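Please load the model in your viewer, with side chains available for display, and follow the stops below in order. Each stop gives a selection to make and then says what is to be found there.

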Amino acid sequence: MFARTAEILTKKLKENNTITVEQYEICRYGFQQGLTIIFNTVTTIAIGVVFGELWQVVYRKTTLMITAVEIIMFFISLTFG
């Protein structure tokens, strides 16, 4: 769903010599997953607002997001040292 945007962001990193050729696919995948997570979070919050359950949604989503961020940071540290 966000493949094109992830590709553009990754190309920018490559053009600026921020990442190497070996890191290209990993970064593209990371961007794609990150954009998907952001989209899902915004959608979940919107549904919570519509049904009047915003705080329950925020609490559950925050717990999941903290776990997701920890996992992403772990893989970033493995990738970039």
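In which helix is threonine 41 found? Select the residue and you will be in helix α2; please keep in mind throughout that this is a predicted model. With a relative accessibility of 14%, threonine 41 counts as buried, because the limit for that class is under 20%. If you set aside the neighbours within four places in sequence, the residues that threonine 41 contacts are Lys61 and Met65.

**Along α3**

Lys61 leads on to helix α3, which is the run of residues 54-80. Colour this helix by itself and look along its axis: α3 contains 27 residues and spans 37 Å from its first C-alpha to its last, which is close to the 39 Å expected at 1.5 Å a residue. Now select Val57, Lys61 and Ala68, which are buried residues of α3, and display α2 as well, since α2 is included in what covers the buried residues of this helix.

Next, select Val69, Ile72, Met73, Ile76 and Phe80 and show their surface, where these residues make a nonpolar patch of about 440 Å². One of them, isoleucine 76, lies in α3 and is partly exposed, its relative accessible area being 38%.

**An aromatic pair**

Stay in this part of the chain and select phenylalanine 74 together with phenylalanine 75. Aromatic pairs in the model come to a count of 2, and here the ring centres lie 5.4 Å apart with the planes at 70°, so the arrangement is edge-to-face. Both partners can be checked for exposure: phenylalanine 74 is partly exposed at 47% relative accessibility, and phenylalanine 75 is likewise partly exposed, with a relative accessible area of 48%.

**Back to α2**

Return to helix α2, which covers residues 21-50, and select glutamine 32 within it. Is this residue, glutamine 32, buried or exposed? With a relative accessible area of 18%, glutamine 32 is buried, because the class takes values under 20%. Expand the selection to its contacts, again leaving out neighbours within four places in sequence, and you will find Met1, Phe2, Ala3 and Ala6.

**The salt bridges**

For the last stop, select arginine 28 and display the charged side chains around it. Side chains of opposite charge can pair when their charged atoms come close. How many salt bridges does a search of the whole structure find? The search finds 2, and both can be followed from the arginine you have selected.

In one, the side chain of arginine 28 meets that of glutamate 7, with an N to O distance of 3.8 Å. Glutamate 7 belongs to helix α1 (residues 3-15) whereas arginine 28 belongs to helix α2, so this pair ties together parts that are 21 residues apart in sequence. Glutamate 7 itself is partly exposed, at a relative accessible area of 25%.

In the other, arginine 28 pairs with glutamate 25, and the closest N and O atoms are 2.7 Å apart. These two residues are 3 places apart in helix α2, which means that about one helical turn separates them. Glutamate 25 counts as partly exposed, with a relative accessibility of 44%. Select Glu7, Glu25 and Arg28 together to finish the tour: through shared partners, their salt bridges join them into one network.

How values were computed:
Residues numbered from 1 in each chain as written. Predicted model: local features only at pLDDT ≥ 70, side-chain atom pairs only at ≥ 80, totals over all residues. Heavy atoms only, no water. Patch = residues over 30% accessible without salt bridge, like charges linked within 9 Å, V, L, I, M, F, W, Y side chains within 5 Å. Areas by Shrake-Rupley, 256 points an atom, 1.4 Å probe, with all protein chains shown as cover. Salt bridge = Lys/Arg side-chain N within 4 Å of Asp/Glu carboxyl O. Helix = DSSP H or I, 4+ residues; strand = E, 2+ residues; numbered from the N terminus. Buried < 20%, exposed > 50% of the residue type's maximum accessible area, 1.4 Å probe, protein only. Contact = heavy atoms within 4.5 Å. Phe/Tyr/Trp six-rings, centres within 6.5 Å; stacked < 30°, edge-to-face > 60°. Expected span 1.5 Å × (residues − 1).
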